[in-house]
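The exercises below are meant to be worked through with the sequence and the model side by side. Try each task before reading its solution.

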Amino acid sequence: MRLPNLLGHETMKEVLEQAGAWIPLVMKQCHPDTKKFLCSLFAPVCLDDLDETIQPCHSLCVQVKDRCAPVMSAFGFPWPDMLECDRFPQDNDLCIPLASSDHLLLATEEAPKVCEACKNKNDDDNDIMETLCKNDFALKIKVKEITYINRDTKIILETKSKTIYKLNGVSERDLKKSVLWLKDSLQCTCEEMNDINAPYLVMGQKQGGELVITSVKRWQKGQREFKRISRSIRKLQC
């Protein structure tokens, strides 16, 4: 391994701190070579006979980006500029190559699993009202930050952009924490929540002291459907 690495990290402490943020993407298994690609950047191979660090091949970057960028986008993260594939050498140069096409084919046959809370169910008003009655809270929110802890997604809310539609067994004190959870989300994708700047209608339950999302729907600003839903929720008696 050679330092500074291909991302400009100069110490092992910095490498370990920054690499930890990419563990959730590796666990998503969006591409079989995700780990190889990231390792070639964080811990590049060095050979005694070469003065230059061996970089990942352009094709390796392109394949990983094509498969993993949509997964990152689904959680509000763009593909970083520092990982743009044009900076890496073509395959006819000395570089870290893509795995065999047979290996790649096996990995791409299975479509990514969609998180249960994020499935687009095309519910009508009655379905949405029924879902609301089954849950402990219903909020219109905007997302401030998304982080990952173990297998779960921790969603930190913008406190000033929160509208409360229902609280049942959930106190104002619970909401002051401004934290919601999407459980077991590292094993699935959530394209419904692919814009961190958009507002969302979320419903969920209080489980073990945590507010766990069971349903999420992107709030389409100005759309009549959501104005109607908002009025219906305010009048609802479960």
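A residue counts as buried when its relative accessible area is under 20%, as exposed when that area is over 50%, and as partly exposed in between. The model used here is a predicted one.

**Exercise 1.** Decide whether Cys57 is buried or exposed, and find the cysteine with which Cys57 forms a disulfide.

Solution. Start with the accessibility: Cys57 has a relative accessible area of 2%, which is under the 20% limit, so Cys57 is buried. Next, look for the partner sulfur, which belongs to Cys95 and lies 1.9 Å from that of Cys57. Cys57 sits in the loop between H3 and H4, while Cys95 sits in the loop between H4 and helix H5 (101–108), so the disulfide ties together parts that are 38 residues apart in sequence. The torsion about the S-S bond is about 90°, and the disulfide is therefore right-handed. Finally, check the partner: Cys95, with a relative accessible area of 11%, is buried.

**Exercise 2.** Describe how helix H3 (residues 34–42) and helix H4 (residues 58–73) cross, and list the residues that make the contact.

Solution. First take the geometry: the axes of H3 and H4 come within 10 Å and cross at roughly 125°. That angle makes H3 oblique to H4, and the crossing is left-handed. Then turn to the residues, which are Thr34, Lys36 and Phe37 on the H3 side and Leu60, Cys61, Val64 and Cys68 on the H4 side. Sorted by character, the residues of this contact comprise 5 nonpolar, 1 polar and 1 charged.

**Exercise 3.** Cys68 also forms a disulfide; identify the partner and say which parts of the chain the pair ties together.

Solution. The partner is Cys30, whose sulfur atom is 2.0 Å from that of Cys68. Because Cys30 lies in the loop between helix H2 (23–28) and H3, and Cys68 in helix H4, the pair ties together parts that are 38 residues apart in sequence. A torsion of about 95° about the S-S bond makes this disulfide right-handed. As for accessibility, Cys30 is buried at 6%, and Cys68 is buried at 0%.

**Exercise 4.** Place His9 relative to helix H1 (12–19) and determine whether His9 is buried or exposed.

Solution. His9 belongs to the segment before H1. The relative accessible area of His9 is 8%, so this residue is buried. Setting aside neighbours within four places in sequence, the contacts of His9 are Leu3, Pro4, Glu14, Val15, Gln18 and Phe42.

Notes. Residues are numbered from 1 along each chain as its sequence is written. This is a predicted model: local features need pLDDT of at least 70, side-chain atom pairs count only at pLDDT 80 or more; totals for chains, interfaces and linings use all residues. Side-chain values use heavy atoms; hydrogens and water are left out. Helices (H or I, at least four residues) and strands (E, at least two) are DSSP runs, numbered from the N terminus. Buried means under 20% relative accessible area, exposed over 50%, partly exposed in between (1.4 Å probe, protein chains only). Contact means heavy atoms within 4.5 Å. Axes are lines fitted to C-alpha atoms, for helices over the stretch in contact, and angles run from 0 to 180 degrees between N-to-C directions. Angles under 35 degrees count as roughly parallel, over 145 as roughly antiparallel, 65 to 115 as roughly perpendicular and the rest as oblique. A crossing is left-handed if the near helix is turned anticlockwise from the far one by less than a right angle, and right-handed if clockwise. Ala, Val, Leu, Ile, Met, Phe, Trp, Tyr, Cys and Pro count as nonpolar, Asp, Glu, Lys and Arg as charged, and the others, Gly among them, as polar. A disulfide is a pair of cysteine sulfur atoms within 2.5 Å.
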